[in-house]
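Reader: I am new to this structure and would like to know what stands behind the words used for it. Could you take me through them with care?

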Amino acid sequence: MRVAVYPGSFDPITNGHVDVLERSSKIFDRIIIAVVHNVTKKAMFTLEERVDMIRQSSAHIPNVEIDCFSGLLANYLIEKQACAIIRGLRTVTDFEYELHMAMMNKELLPDIDTIFITSNKNYIFISSSTVKEAAMVGGNVESLVPISVNEALKQKYQVSIS
Ligand code: PNS
């Protein structure tokens, strides 16, 4: 069985992430979407909130499993007996960061490859950061994120305004 891990912050998951997930799920037998628990990086959504939004947004993909990890990704890949890392690639701006990360992971685990799924052209400009920034100042991001995320963003910002 070919297992791939799709790691990330997913703070929050966007339509771009879902697209990468849908496409990679056709290549691998099982995809584990692994949400990083990073104590040094402040996330807008808690780990539980992020997992919950991913669960709702990926319910239509049968071979996806949701999990969390902390520490070294390489250790997590060994634990899950994964053969590949999935990462989405939008533009050249992503490329340098992604290449460094892929090379570091290759150094740590020579048998594992990073597979880049290039972004659907409709989602090239979408990132979790820009979605949060736009939503924070009242922008309508409905077409950029799954329904559950749109609702969560609205709630988050209503709460933080009041
Ligand atoms: O969505 P992000 O924030 O770009 O995801 C980055 C992530 C979580 C994939 C990366 O930071 C990571 O793998 N963190 C775990 C720590 C690690 O293994 N670092 C060494 C590889 S560079």
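Author: What follows is a set of questions on terms and values, each with its answer.

The model is a predicted one, in which local features need pLDDT of at least 70 and side-chain atom pairs count only at pLDDT 80 or more, while totals for chains, interfaces and linings use all residues. Residues are numbered from 1 along each chain as its sequence is written, and side-chain values use heavy atoms, with hydrogens and water left out.

Reader: What makes the protein chain as compact as a globular protein of its length?

Author: Let me begin with its make-up: the protein chain has six helices and five strands, where helices (H or I, at least four residues) and strands (E, at least two) are DSSP runs numbered from the N terminus. The radius of gyration, taken over C-alpha atoms, is set against the globule rule, 2.2 Å times the number of residues to the power 0.38. For 162 residues that rule gives 15 Å, and the chain has 16 Å, a close value, so the chain is as compact as a globular protein of that length.

Reader: Why is Leu 153 called buried?

Author: Buried means under 20% relative accessible area, exposed over 50%, and partly exposed in between (1.4 Å probe, protein chains only). Leu 153 has 1% relative accessibility, and therefore counts as buried. Leu 153 is found in helix H6, residues 147-161, and, leaving aside residues up to four places away in sequence, touches Met 44, Phe 45, Val 131, Lys 132, Ala 135 and Val 141, a contact being heavy atoms within 4.5 Å. Across the whole protein chain, buried residues make up 46% of the 162 residues.

Reader: Which of Phe 10 and Gln 81 is buried, and which is exposed?

Author: Phe 10 has a relative accessible area of 3% and is therefore buried, whereas Gln 81, at 66% relative accessibility, counts as exposed. Phe 10 sits in the loop between E1 and H1, and Gln 81 in the loop between H3 and E4. Phe 10 has a positive phi of about 50 degrees although it is not a glycine, and Gln 81, also a residue other than glycine, has a positive phi near 55 degrees. Most residues other than glycine have a negative phi, and most peptide bonds are trans. The peptide bond that joins Asp 11 and Pro 12 is cis, with omega about 5 degrees.

Reader: How do you know that the length of helix H4 agrees with its number of residues?

Author: The expected span of a helix is 1.5 Å times one less than its number of residues. Helix H4 (residues 92-108) has 17 residues and should span 24 Å, and because its end C-alpha atoms are 25 Å apart, the two values agree. In H4, Asp 94, Glu 98, Ala 102 and Asn 105 are buried, and the buried residues of H4 pack against helix H3 (73-80), strand E4 (84-89) and strand E5 (113-118).

Reader: What polar contacts does the ligand have with Leu 73 and Arg 87?

Author: A polar contact is a pair of N or O atoms within 3.5 Å; within protein, one must be able to donate a hydrogen and the other to accept it, and residues adjacent in sequence count only if both atoms are side-chain atoms. A backbone N or O atom of Leu 73 lies 2.8 Å from an oxygen atom of the ligand, and a polar side-chain atom of Arg 87 lies 2.9 Å from a ligand oxygen atom.
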